[in-house]
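Work through the exercises below with the sequence and model open. Each task is followed by a stepwise solution.

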Amino acid sequence: MAEPISRRGLIAAGGSLLLAGCDKLNGNPALRGLLISAEDAHRASQRLLTGGALAPEFAENQRSPNFRSNGNATAAGNAEWDRHAAENFARWSLRVDGLVMRPLDLTLEALKALPQRSQITRHDCVEGWSAIGGWTGPQLGTVLRMASLLPAARYLVFHCADRFGPTPYYESIDLIDAFHPQTILAHTMNGGPLPTGHGAPLRLRVERQLGYKQAKYVMRIEARASLAGLYGGKGGFWEDRSDYAWYAGI
Ligand SMILES: Nc1nc2c(c(=O)[nH]1)N[C@H]1C(S)=C(S)[C@@H](COP(=O)(O)O)O[C@H]1N2
Ligand SMILES: [Mo]
């Protein structure tokens, strides 16, 4: 199976860290933070089981005729998003900042000019429904290489335009999923522009995880060293207010 080199590199680095022994681990606060919680143990074991696996992909004739919209079905009410929607997102741009060497503002045109990946995948929502849909966009890894992550960057946070009451939706992933080949910034769904109900103009597809990780209405991607101090500190809107896991593997 074709695995990207970056992933091999990450696994090799993780392996040697694991072999470094408990004393060294205890002396490394960042790594201790990564390894001790039950949730992280679950994540690590799931990663070992799935390895570099790709999520299953499907044929065009397997796409669901009705892919429902779930959670917020619009970001209307966010003045910035409203302004861009009124112009069909012609002057909208994605902000990429935080722990990067080169902060970026990428228009839809710029995102579409990058190498594109198309994938037909199954979306699994924890509320008990699934749907198969086709997504196109640049790999997140391509955008992150353009911005050039600083060494301290460990997480990517997706800041969304929509809110529930006063609270914005947000999500986050780690570098393994960020550089996974099926992790894309989708501007196209089933061959057409991403509909409002599905997160126009841009959403995350991180295909080995559950529905709530698939951030819609993404306005800004922030590279961070830690999720502490951000909203509820658990790395996502639902993670902050439910027992939903941060690593929501399928
Ligand atoms: N910004 C934002 N992203 C979001 C949500 C949301 O309410 N707001 N809901 C999540 C949940 S729970 C699911 S199942 C999917 C739904 O995606 P869909 O509307 O394309 O079906 O988006 C996820 N991403
Ligand atoms: Mo969901």
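**Exercise 1: polar contacts of the ligand**

Task: find which side chain has an N or O atom 2.7 Å from a nitrogen atom of ligand 1.

Solution. The side chain is that of Asp162; one of its N or O atoms lies 2.7 Å from a ligand 1 nitrogen. Next, take the backbone: an N or O atom of Gln214 is 3.0 Å from a nitrogen atom of ligand 1. A backbone N or O atom of Arg68 sits 2.6 Å from a ligand oxygen. The cut-off for a polar contact is a pair of N or O atoms within 3.5 Å. Now add cover: the protein buries 99% of the 540 Å² that ligand 1 exposes taken alone (Shrake-Rupley method, 1.4 Å probe).

The model is predicted: local features need pLDDT of at least 70, side-chain atom pairs need 80 or more, and totals for chains, interfaces and linings use all residues. Residues count from 1 along each chain as written, chains are lettered from A and ligands numbered from 1 in written order, and side-chain values use heavy atoms, without hydrogens and water.

**Exercise 2: the shell**

Task: how many residues surround ligand 1, and which element gives the largest share?

Solution. Count residues with a heavy atom within 4 Å. The shell holds 22, with Arg68, Asp162, His198, Arg203 and Lys216 the closest. Sort by class: nine nonpolar, nine polar, four charged. Then sort by element (DSSP runs; strands have at least two residues). β5 gives the largest share, three residues.

**Exercise 3: cysteines**

Task: is Cys160 buried or exposed?

Solution. Cys160 is buried, because its relative accessibility is 9%, and buried means under 20% (1.4 Å probe, protein chains only).

Notes: Polar contact = N/O pair within 3.5 Å; in protein donor to acceptor, adjacent residues only side chain to side chain. Helix = DSSP H or I, 4+ residues; strand = E, 2+ residues; numbered from the N terminus. Nonpolar A, V, L, I, M, F, W, Y, C, P; charged D, E, K, R; others polar. Buried < 20%, exposed > 50% of the residue type's maximum accessible area, 1.4 Å probe, protein only.
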